[in-house]
Amino acid sequence: MSNQVGGSATAMSSMIGLVNTAKDKWNTSGGNEMVGKVSAAIPESTKNYVSNVFKREHIRAFSVFFGIGEERAFYLEKVPSLLVERLRHNVTFFYLNYLLLTGVLFCLTLVINPSAVVGMAILAAAWMWVIRASQSGALKIGGVSIPQQTATIGMGVVSIFVLLYLLSSIFWWTLFTSGFFVAVHAFMRDASMHKDLEDAVAMEGDLHMGGEDAAFLNVPAADVI
């Protein structure tokens, strides 16, 4: 038991040390400055649009997504014009839920695919080796010395091709599966009662009126009768 605890503690400390090393290498290589330059080059209007699209408030609750408590949450609309309007509204109203569903299916498929898990573990081990071997500023393979930045870029390119190979089947399976579920939900879900949800305005504060209107509103009920 003590050996297992000691092994787990050693593995955890090694992982923490690797993460700290990678963070230091990222900072010393100018990664933060590069990200800052890229962010500065993006127009402010684009940033605002993207941040508005992915607002957390746009994720609809589970009860709203499945129409729990509604009288007819799912049924097939037979009038073409109303069906088109339903599709338009559901896509714009539930789009983040659809993206979240696709992400969950992708993760579940990845977990139950042993070859993909093993391949990604090998890729992670390769990254750990490159990070540790290039701590001095260069990666030495035999008699060849490769600069750290070049080794990192090369490893990134290799990682892209490896991930495309490992995840290609998972990607297409997830795409078709999520597309099927999204299509069924978009066609069948009647969320017309939520159409005015985005237009709702919270009425807060006191009502202040002057003149005759205020006098009329303040007349006791007995006097009005």
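The buried residues of helix H5 pack against four partners: helix H3 (44–53), helix H4 (62–66), helix H6 (114–133) and helix H7 (148–188). Keep in mind that this is a predicted model. Below is a quick tour, starting with the chain and then moving to H5, the H6–H7 pair and one residue in H7.

**The chain at a glance**

- The protein chain holds nine helices and two strands.
- Going along the sequence, the order reads α-α-α-α-α-α-β-β-α-α-α.
- Of the 225 residues in the protein chain, 23% are buried.
- Take the contacts in the chain with a separation of 6 or more: 77% of them link residues 24 or more positions apart.

**Helix H5, the bent one**

- H5 covers residues 80–111, and its end C-alpha atoms span only 41 Å.
- If those 32 residues formed a straight helix, at 1.5 Å a residue, the span would be 46 Å.
- There's a bend in H5 of about 70°, and it sits at Phe94.
- Phe94 is itself one of the buried residues of H5.
- Its buried neighbors in the helix include Phe93, Leu96, Asn97 and Tyr98.
- Earlier in H5, the buried set includes Leu83, Arg86, His89 and Asn90, and further along it includes Leu105, Thr109 and Leu110.

**How H6 and H7 pair up**

- H6 and H7 pack with their axes 10 Å apart, at an angle of about 175°.
- That angle is over 145 degrees, so H6 runs roughly antiparallel to H7.
- The residues in this contact split into 12 nonpolar, five polar and no charged.
- From H6, the contact takes in Ser115, Ala116, Gly119, Met120, Leu123, Ala126, Trp127 and Val130.
- From H7, they meet Thr152, Met155, Gly156, Ser159, Val162, Leu163, Leu166, Leu167 and Ile170.

**Leu167, a residue to look at in H7**

- Leu167 lies in helix H7 and is among the H7 residues that meet H6.
- Its relative accessibility is 15%, and because buried means under 20%, Leu167 counts as buried.
- Leaving out residues up to four places away in sequence, Leu167 touches Phe106, Leu110, Ala116 and Met120.
- Two of those partners, Ala116 and Met120, are on the H6 list of the H6–H7 contact.
- Another partner, Leu110, is among the buried residues of H5.
- Phe106 sits 61 residues from Leu167 in sequence, yet their C-alpha atoms are 9.5 Å apart in space.

Definitions and conventions. Residues are numbered from 1 along each chain as its sequence is written. This is a predicted model: local features need pLDDT of at least 70, side-chain atom pairs count only at pLDDT 80 or more; totals for chains, interfaces and linings use all residues. Side-chain values use heavy atoms; hydrogens and water are left out. The expected span of a helix is 1.5 Å times one less than its number of residues. The bend at a residue is the angle between axes fitted to the seven residues ending there and the seven starting there. Buried means under 20% relative accessible area, exposed over 50%, partly exposed in between (1.4 Å probe, protein chains only). Contact means heavy atoms within 4.5 Å. Axes are lines fitted to C-alpha atoms, for helices over the stretch in contact, and angles run from 0 to 180 degrees between N-to-C directions. Angles under 35 degrees count as roughly parallel, over 145 as roughly antiparallel, 65 to 115 as roughly perpendicular and the rest as oblique. Ala, Val, Leu, Ile, Met, Phe, Trp, Tyr, Cys and Pro count as nonpolar, Asp, Glu, Lys and Arg as charged, and the others, Gly among them, as polar.
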